[in-house]
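This explanation is written for a reader who meets the structure here without prior acquaintance. Please keep the sequence and the 3D view at hand while reading.

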Amino acid sequence: MAAAAPSQEELRGLYRELILDHARNPRNFGKLAEPSHLAEGINPLCGDKLKVYLQLKEDGQIADASFEGSGCAISVASASLLTEAVIGMTKDDAVGFFSAVINSLTGTEGVKNFDLGKLAALQGVREFPARVKCATLAWHALNAAIHDDQQTATTE
Ligand code: ZN
């Protein structure tokens with residue numbers, strides 16, 4: 001018997017598992033030794049506070065990315081998925097990806113012709129408007145970090 005396409009409930013279950021997995025075991029967690037770009041994102045509504053670190057090469061490729069901070073499961077999972085997704089991208093691609101993710105979470109039309117990969121899991125928050133800011137927080141920090149042309153000093 002051929003397996004039927006996954007139901008909405010099954011997809012939701014899978015997404016929940018992916019989110020929980022990244023929340024419990026965040027990837028690329030911690031400071032980069034020598035970030036070329038960084039920015040902090042704060043979501044006072046929930047108390048999420050995350051910093052995104054990037055190591056950009058001369059040619060604009062993201063050689064490494066990480067994050068640290070604390071927040072709810074959704075904000076941490078989103079940041080973890082973000083770092084996995086953007087490593088290896090050019091910064092222009094990362095900005096395009098940022099726009100697609102934000103649109104997928106807040107837009108009314110959804111995303112067309114754009115493969116969000118695992119990031120599609122975050123779209124579950126669309127049903128919970130109060131959680132959208134948790135999911136977008138790290139992405140806004142990423143965008144801010146990329147657009148900071150000056151090398152940002154660490155606070156230490
Ligand atoms: Zn949150």
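The paragraphs below turn to a metal site and then to a set of charged side chains.

The model shown is a predicted one. A suitable place to begin is the zinc ion, which is coordinated by sulfur atoms (SG) of C46, C72 and C134 and by OD atoms of D48. D48 appears twice in the list of donors. The coordinating distances run from 2.2 to 2.7 Å. Along the chain, the donors of the zinc ion are spaced according to the pattern C-x1-D-x23-C-x61-C.

Are C46 and D48 buried or exposed, given that buried means under 20% relative accessible area and exposed over 50%? D48 has a relative accessibility of 1% and therefore counts as buried. C46, by contrast, has a relative accessible area of 32%, so this residue is partly exposed.

The second topic is that of charged side chains. Side chains of opposite charge can pair when their charged atoms come close. How many salt bridges does a search of the whole structure find? The search finds 3.

One of them joins R27 to D21, with the closest N and O atoms 2.8 Å apart. Both partners are partly exposed: R27 has a relative accessibility of 24%, and D21 has a relative accessible area of 30%.

R27 also forms a salt bridge with E84, and here the closest N and O atoms are 3.9 Å apart. This pair links distant parts of the chain, since R27 lies in the loop between helix 1 (8–24) and strand 1 (37–43), while E84 belongs to helix 2 (residues 73–86), 57 residues apart from R27. E84 is partly exposed because its relative accessible area of 32% falls between the limits for buried and exposed.

E84 in turn meets the side chain of K118 in a salt bridge, at 3.2 Å from N to O. Distant parts of the chain are again linked: E84 is in helix 2, whereas K118 is in the loop between helix 3 (91–106) and helix 4 (129–147), and the two residues are 34 residues apart. K118 has a relative accessible area of 44%, so it is partly exposed as well.

Taken together, D21, R27, E84 and K118 are linked in a network of salt bridges. Within this network, R27 pairs with D21 and with E84, and E84 pairs with K118.

Terms used:
Residues are numbered from 1 along each chain as its sequence is written. This is a predicted model: local features need pLDDT of at least 70, side-chain atom pairs count only at pLDDT 80 or more; totals for chains, interfaces and linings use all residues. Side-chain values use heavy atoms; hydrogens and water are left out. Donors are N, O and S atoms within 2.8 Å of the metal (3.2 Å for Na, K and Ca); water is not among the atoms, so sites may look incomplete. Buried means under 20% relative accessible area, exposed over 50%, partly exposed in between (1.4 Å probe, protein chains only). A salt bridge is a side-chain nitrogen of Lys or Arg within 4 Å of a carboxyl oxygen of Asp or Glu. Helices (H or I, at least four residues) and strands (E, at least two) are DSSP runs, numbered from the N terminus.
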